[in-house]
Amino acid sequence: MTNIDCETLPSLVSSFIDTFVDFSVSGGLFLPPDPYPDPLNNHNTQTVYPQPKRLIAIGDLHGDLIKAKQALRLASLIDSNDRWSGGTTTVVQVGDIFDRGGDEIKLLYLFEKLKREAAKSGGRVITMNGNHEIMNVDGDFRFATLEGLREFENWGFWISVGNVMKRMCSGGGVVIDYDVGVPYEFPSVKPELINGVRARIAALRPNGLISGRFLARNETVVVVGDSVFAHGGLLRKHVVYGLERVNEEVRDWICGLRKKVGNELVRGRNSIVWLRSFSRELAKDCDCSALEHVLETIPGVKRMIMGHTIQDRGINAVCGDRAMRIDVGMSVGCGDGFPEVLEIMENSEVRVLTSNPKYMREYEGSVHGNVDKRAGLGLLIPEQRPTQIEVNA
């Protein structure tokens, strides 16, 4: 009888070790098999998608796993065991999973798991780049928290454990020294934070283990049916540049195939992930004329959906309901607001699913007798906030 050792079953041993490391850093998740392991040849990644029967948009999450799950449950997208239960629903998360919280890696794993589970049910989960994803790939950790650094330090520890296991037997799999080239000293960093900073750099730099595996699958601009999504917003120059070109160039930069990506795309106040022209609190301060010029250049698109700028009054619309703002500051580290998500049905009816009872009471009287029904948006209330449906998360 042939002895069973690492040489006999190298792929099995390597797969077991990788699964063990994933389980350890993700908070106990098992990822289903990845149908597209190479993000550069990921046929499930694209810029334009057809109109689904049901579309859910989720705003900024900033390292808050608990609030993220509450938001997903508002829309009945996950069950009590955090498994996909959204059927054929399409979900778009508009970016800013990073910074201000301590569950950044766990959120990446959760959404990756849901992507794979949703695909088996005919659903789709799309994740996007926000300005904080770009900042972290750039090595800008100004908004990283102590808890976030500890999470990355823990990730680095388990990657090292996996490497030790692979070295214990020949054929145990590819050993990746993930922190090659990362400095060991940072004059402005406290000694107790060095390991977390080093792991964060190694993980998130271009072609890092986490950036190349997770962020390279993100989009920077997405069109789903009659809605276009961008973290901060789009200007006409971005559309003229080419939406697919934007996604390709940002992805290539994250994968380390491009030395740089244009500042007009992802850096600066007029870039796609930093723009606030359509997100200011008062409608009169929003550039609705510029928005119209953008939307008329994207065939079939009726509205732009964006995050980035916290809306204290919850998800709302301006510019004739053509600009939908969905960042409600739900994470504990960035507002601690009530979770809300935007729902768009196939007939273009739009609703806000909210866990905040305040809005139900505040607007209950105005919904009756003073409702403006507009083509393509469903029922709206006077303050240009789509109809709310209160849900206990």
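Trainee: In which sense do strand S1 and S5 pair, and over how many bridges?

Mentor: To read a pairing, look at the sense in which the strands run and then at the bridges between them; in this predicted model, strand S1 (residues 48–49) and S5 pair in the parallel sense over two bridges, and Val48 has Val223 of S5 as its bridge partner.

Trainee: In which sense do S5 and strand S6 pair?

Mentor: Here the sense is antiparallel, with four bridges between S5 and S6 (residues 227–230), and one of the matches to look for is that of Val221 with Ala230 in S6. The hairpin of S5 and S6 has two residues between the strands, and in this hairpin Gly225 takes a positive phi near 60°.

Trainee: Are the faces of strand S5 covered or exposed?

Mentor: To judge a strand, take the residues of one side and then those of the other: in S5 (residues 221–224), Val221 and Val223 on one side are buried, as are Val222 and Val224 on the other, which leaves both faces covered.

Trainee: What is the order of the strands in the open sheet, and which strands stand at the edges?

Mentor: The open sheet has six strands in the order S1-S5-S6-S7-S9-S8, with mixed pairing. S1 and strand S8 (316–318) stand at the edges, and because each has a single partner strand, one side of each is left without a neighbour in the sheet. Helix H11 (residues 288–295) packs on this sheet, where it touches S6, strand S7 (303–306) and strand S9 (323–325), and its direction makes about 110° with that of S7.

Trainee: How many residues of helix H6 are buried, and which helices do they pack against?

Mentor: Helix H6 (residues 194–204) is mostly covered, with nine of its eleven residues buried, among them Ile194, Val197, Arg198, Arg200 and Leu204. The buried residues of H6 pack against H3, helix H4 (131–137), helix H5 (146–167) and helix H7 (209–213).

Trainee: Which residues have the most contacts inside the largest nonpolar core, and which helix gives the most to this core?

Mentor: The largest nonpolar core has 102 residues, and those with the most contacts inside it are Phe229, Leu234 and Leu342. Helix H3 (residues 104–120) gives the most to this core, with eight residues.

Methods. Residues numbered from 1 in each chain as written. Predicted model: local features only at pLDDT ≥ 70, side-chain atom pairs only at ≥ 80, totals over all residues. Heavy atoms only, no water. Buried < 20%, exposed > 50% of the residue type's maximum accessible area, 1.4 Å probe, protein only. Pairing = 2+ DSSP bridges. Core = buried A, V, L, I, M, F, W, Y, C linked by side-chain atoms within 4.5 Å. Contact = heavy atoms within 4.5 Å. Axes fitted to C-alpha atoms, helices over the stretch in contact; angles between N-to-C directions.
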